[in-house]
Amino acid sequence: MKKIDAVVKPFKLDEVREALSEIGVSGLTVTEVKGFGRQKGHTELYRGAEYVVDFLPKVKIEIVVADNMVEQALEAIVKAARTGKIGDGKIFVTSVEQVVRIRTGETNESAI
C-alpha cells in the first residue's frame with residue numbers, strides 16, 4: 001500500500017476529487033495548508049500599503065491506495081491538477097505498513 005500526498009491549488013480540489021472517484025478511490029482527507037516553492041510568494045497592495053505574502057494557500061489531499069493503483073492515481077491527480085503554470089503543486093508517495101479500520105477492525109487493503 002502507498003500513501004499519496006498531493007499539494008495542489010485550492011480551486012483544483014473538486015476536479016482532483018472527481019478524477020480520483022472515477023478510478024475507484026473511495027476516501028480521501030483534505031487539509032488547507034500554506035506554503036511556497038519556486039513561486040516564493042508574491043506582493044500585494046492592501047489599503048495603500050504593499051506587503052509580501054510569503055506563504056500561498058494550497059490544499060493537501062491524502063489518500064492510501066493499493067500498490068497496483070498508484071500509477072493510475074498519480075495520472076488522475078496530475079491530469080486534474082495541472083494548469084501549466086508555476087505553483088501547480090507536488091505529489092509525494094510513501095509506503096504504508098499497516099492500516100486498521102477502527103469501526104470494524106479490518107486491516108490493510110480491506111481497510112482502505
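## Asp88, a buried loop residue

In this predicted model, Asp88 has a relative accessibility of 17%. The cut-off for burial is under 20%, so Asp88 counts as buried. The residue is found in the loop between α2 (70–81) and β6.

Its side chain makes a polar contact within that stretch of chain. The side chain of Asp88 reaches the backbone nitrogen of Gly84 at 2.9 Å. Leaving aside residues up to four places away in sequence, Asp88 touches Val7, Val8 and Lys9. Asp88 also touches Ala81, Arg82 and Thr83.

## The sheet

Four strands form an open sheet. Their order is β2-β5-β1-β6, and the pairing is antiparallel. β2 (29–35) and β6 stand at the edges. Each has a single partner strand, so one side of each is left without a neighbour in the sheet. On average, neighbouring strands are turned by 20° against each other, direction ignored.

In a regular strand, side chains alternate between the two faces of the sheet.

## Strand pairs

Strand β1 (residues 2–8) pairs with two strands. Seven bridges join β1 to β5 (residues 56–65), and the two run antiparallel. Here Val7 has Lys60 in β5 as its bridge partner. Seven bridges also link β1 to β6 (residues 89–95), again in the antiparallel sense. In that pair, Val8 is matched with Gly89 of β6. Val7 and Val8 both appear among the contacts of Asp88.

The remaining pair is β2 with β5. These strands are antiparallel and share seven bridges. Val33 stands opposite Lys58 in β5.

## Two helices across the sheet

Helix α1 lies across β2 and β5. Its direction is at about 10° to β5. Helix α2 lies across β1, β5 and β6. That helix runs at about 5° to β1.

## How the helices meet

What is the angle at which the axes of α1 and α2 cross? The axes of α1 (residues 13–22) and α2 cross at roughly 150° and come within 8 Å. Angles over 145 degrees count as roughly antiparallel, and α1 and α2 are therefore roughly antiparallel to each other. The crossing is right-handed.

Which residues make the contact? From α1 come Glu15, Val16, Ala19 and Leu20. They meet Ala73, Ala76, Ile77, Ala80 and Ala81 in α2. Ala81 is also one of the residues that Asp88 touches.

Terms used:
Residues are numbered from 1 along each chain as its sequence is written. This is a predicted model: local features need pLDDT of at least 70, side-chain atom pairs count only at pLDDT 80 or more; totals for chains, interfaces and linings use all residues. Side-chain values use heavy atoms; hydrogens and water are left out. Two strands pair if DSSP finds at least two bridges between them. Buried means under 20% relative accessible area, exposed over 50%, partly exposed in between (1.4 Å probe, protein chains only). A polar contact is a pair of N or O atoms within 3.5 Å; within protein, one must be able to donate a hydrogen and the other to accept it, and residues adjacent in sequence count only if both atoms are side-chain atoms. Contact means heavy atoms within 4.5 Å. Axes are lines fitted to C-alpha atoms, for helices over the stretch in contact, and angles run from 0 to 180 degrees between N-to-C directions. Angles under 35 degrees count as roughly parallel, over 145 as roughly antiparallel, 65 to 115 as roughly perpendicular and the rest as oblique. A crossing is left-handed if the near helix is turned anticlockwise from the far one by less than a right angle, and right-handed if clockwise.
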